[in-house]
Amino acid sequence: MNDWPEGWTEDNRGDGYGGGSADAQPEGARVMRHVQRGQVPRPAGAPPRRASVPPQPQGYDAGGYAEAPGGPYNGAYDSGYNTGQVYGTPSGHGGGHGGGPSARPPRTGPAPDWRRRLKIGTIALVVVFLGVSIGTYFWADSKLRREVDLSKVIDRPEEGKGTNYLIVGSDSREGMSAEEKKKLHTGSAKGKRTDSMMILHTGDNGSTLISLPRDSWVTIPSFRGSDSGKMYDSRGGSKLNAAYAMDGPELLVRTVEYNTGLHIDHYVEIGFAGFANIVDALGGVELDIPKAFKDKNSGADFQAGKQTLNGEQSLAFVRTRYAFAGSDLDRTKNQQKFLAALADQAATPGTVLNPFKFYPVMGAGLDTLIVDKDMGLFDLADMFWAMKGVTGGDGKSMNMPIAGSAPQGSLKWDMPKVKELVKELQNDEKVTVSGN
């Protein structure tokens with residue numbers, strides 16, 4: 001028997017390590033660099049474990065060192081292979097076996113450019129916003145009824161500083177059914193008359209809202225017919241609302257300018273139906289009524305205290321005059337109070353930023369709004385915000401100064417105060433004159 005371990009012969013034991021050397025001195029012992037923890041030493045004489053490393057070139061040190069002396073590479077070859085290497089994913093994070101690829105391949109493309117993505121998203125939002133805004137502008141602009149031609153008004157005063165709007169609430173029943181007329185207590189009179197008239201001045205020194213009682217005693221001057229183009233002589237003294245009944249908005253502007261000396265820049269009118277529809281589209285207007293009152297002519301029947309008025313109730317509130325001792329003067333005060341509440345609630349974020357509320361409110365008002373031919377949406381917005389500011393306490397609201405009574409139960413203006421008021425408005429000065 002030979003002394004080789006079982007299965008080993010001199011022919012298959014290999015020519016490398018363990019094969020002896022031609023030198024006279026025996027080959028020195030080698031020390032392995034890496035020993036795994038917990039490895040149990042093998043007994044003397046036991047066959048070596050089967051190598052788990054790939055075959056190496058003859059003469060190569062399988063322990064990870066340089067080639068054995070005298071090898072074919074003469075100590076210069078080093079493959080970098082280390083038998084002490086633990087096979088698996090880098091840094092021991094698990095994954096494949098035998099040095100295979102990791103479960104999560106490294107990123108090969110460039111990192112996301114978040115700054116570029118944010119820029120593109122911002123541009124997209126701006127484009128959408130501009131598109132909606134432009135669309136809304138043209139939609140609203142197409143609804144404006146530019147039916148009043150102020151170029152037909154003759155002998156006009158010179159323009160002053162700031163802008164003057166003549167705002168008219170008419171009793172027009174246009175487009176209303178018989179049922180609606182009955183419900184809103186408007187009656188069935190043909191044509192239209194003015195129920196309320198106000199001058200709104202906007203400028204650098206604040207805004208001023210001046211109510212013109214419909215029963216004001218004024219002179220209706222000579223005028224050119226808005227439809228016929230013919231000249232008509234002065235009609236003398238009459239109530240202010242008669243001018244509108246004679247020849248519509250153009251003669252009303254002519255009469256206001258003649259009696260005040262104030263140049264009117266824009267005209268705005270809304271009828272019964274439009275007024276009620278705006279309030280209903282808004283969901284009602286909350287108002288604090290200090291004292292209960294009732295009026296069969298307007299249909300008003302209100303208790304004292306805070307309450308939300310719908311379109312029908314709102315119209316009755318601003319039209320009532322027979323229930324008050326001051327008649328038309330008290331009515332104009334109620335109109336200003338209501339406009340304050342309406343403007344304040346219409347301009348809230350809940351209305352402006354809610355398309356399901358904003359568009360119905362806008363549509364309800366614009367459908368029945370009549371303006372002059374030079375009136376634009378920006379002029380209308382300027383008027384609205386100025387009125388909101390005035391009625392909210394940022395400006396001044398007043399009645400035209402009254403000196404006493406006049407024929408036919410009308411009211412006579414206090415002309416010295418009126419002239420001082422007009423002078424302050426023309427020069428866009430802070431208004432110091434007080435009204436009734």
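Here are some short exercises, with worked solutions, on a predicted model of a protein chain.

**Exercise 1. Getting an overview**

Work out how many helices and strands the chain has, and what share of its residues count as buried.

*Solution.* Start with the secondary structure: the chain has ten helices and 17 strands. Next, look at burial. The chain has 436 residues, and 38% of them count as buried. Finally, check how far apart in sequence the contacting residues are. Take the contacts with a separation of 6 or more: 65% of them join residues 24 or more positions apart.

**Exercise 2. Sizing up helix H6**

Compare the span of helix H6 with the expected one, then decide whether H6 is mostly covered or not.

*Solution.* Find H6 first: it runs over residues 328–346, which is 19 residues. From its first C-alpha to its last, H6 reaches 26 Å. At 1.5 Å a residue you'd expect 27 Å, so the two values are close, remembering that the expected span is 1.5 Å times one less than the number of residues. Now for the surroundings: 14 of the 19 residues of H6 are buried, and the helix is mostly covered.

**Exercise 3. H4 against H6**

Describe how helix H4 packs on H6: give the angle, name the arrangement and sort the contact residues by class.

*Solution.* Grab H4 at residues 272–282. Its axis is 11 Å from that of H6, and the packing angle is about 45 degrees. Angles from 35 up to 65 degrees are neither roughly parallel nor roughly perpendicular, so this pair is oblique. The crossing of H4 past H6 is left-handed. Now see who touches whom: H4 brings Phe 275, Ile 278, Val 279 and Leu 282, while H6 brings Phe 338, Leu 342, Gln 345 and Ala 346. Sort these and you get seven nonpolar residues, one polar and no charged ones.

**Exercise 4. H4 against H5**

Do the job again for H4 and helix H5: find the crossing angle, the handedness and the classes of the residues in contact.

*Solution.* H5 covers residues 311–319, and its axis comes within 8 Å of the axis of H4. The two cross at roughly 125 degrees. That angle makes H4 oblique to H5. The crossing here is right-handed. On the H4 side the contact uses Phe 272, Phe 275, Ala 276, Val 279 and Asp 280. On the H5 side you'll find Gly 311, Ser 314, Leu 315, Val 318 and Arg 319. By class, that's six nonpolar, two polar and two charged residues.

**Exercise 5. H6 against H9**

Find which residues of H6 meet helix H9, and how the two helices cross.

*Solution.* H9 spans residues 377–394. The axes of H6 and H9 come within 8 Å and cross at roughly 115 degrees, and the crossing is left-handed. From H6, the residues are Gln 336, Leu 339, Ala 340, Ala 343, Asp 344 and Ala 346. They meet Phe 384, Met 387, Lys 388 and Thr 391 of H9. The contact of H6 with H9 contains six nonpolar, two polar and two charged residues.

**Exercise 6. Two residues and their partners**

Decide whether Thr 194 is buried or exposed, do likewise for Ala 281, and list the partners of Thr 194 and of Ala 281.

*Solution.* Thr 194 sits in strand S3, residues 194–202. Its relative accessible area is 0%, so Thr 194 is buried. Beyond neighbours within four places in sequence, Thr 194 contacts Val 168, Gly 169, Ser 170, Arg 214, Asn 241, Tyr 244 and Leu 252.

Move on to Ala 281, which is in helix H4. Its relative accessibility is 22%, so Ala 281 is partly exposed. With the same neighbours set aside, Ala 281 contacts Lys 357, Pro 360, Val 361 and Ala 364. Look at Pro 360 in particular: it is 79 residues from Ala 281 along the chain, yet their C-alpha atoms are separated by 5.8 Å.

**Exercise 7. Positive phi**

Find where Ser 327 and Gln 408 lie, and say what phi is for Ser 327 and for Gln 408.

*Solution.* Begin with the background: most residues other than glycine have a negative phi. Ser 327, in the loop between H5 and H6, has a positive phi near 50 degrees. At 24% relative accessibility, Ser 327 is partly exposed. Gln 408 isn't a glycine either, and its phi is about 60 degrees, also positive. Its loop lies between strands S16 (402–406) and S17 (410–413). With 59% relative accessibility, Gln 408 counts as exposed.

Technical notes: Residues are numbered from 1 along each chain as its sequence is written. This is a predicted model: local features need pLDDT of at least 70, side-chain atom pairs count only at pLDDT 80 or more; totals for chains, interfaces and linings use all residues. Side-chain values use heavy atoms; hydrogens and water are left out. Helices (H or I, at least four residues) and strands (E, at least two) are DSSP runs, numbered from the N terminus. Buried means under 20% relative accessible area, exposed over 50%, partly exposed in between (1.4 Å probe, protein chains only). Axes are lines fitted to C-alpha atoms, for helices over the stretch in contact, and angles run from 0 to 180 degrees between N-to-C directions. Angles under 35 degrees count as roughly parallel, over 145 as roughly antiparallel, 65 to 115 as roughly perpendicular and the rest as oblique. A crossing is left-handed if the near helix is turned anticlockwise from the far one by less than a right angle, and right-handed if clockwise. Contact means heavy atoms within 4.5 Å. Ala, Val, Leu, Ile, Met, Phe, Trp, Tyr, Cys and Pro count as nonpolar, Asp, Glu, Lys and Arg as charged, and the others, Gly among them, as polar.
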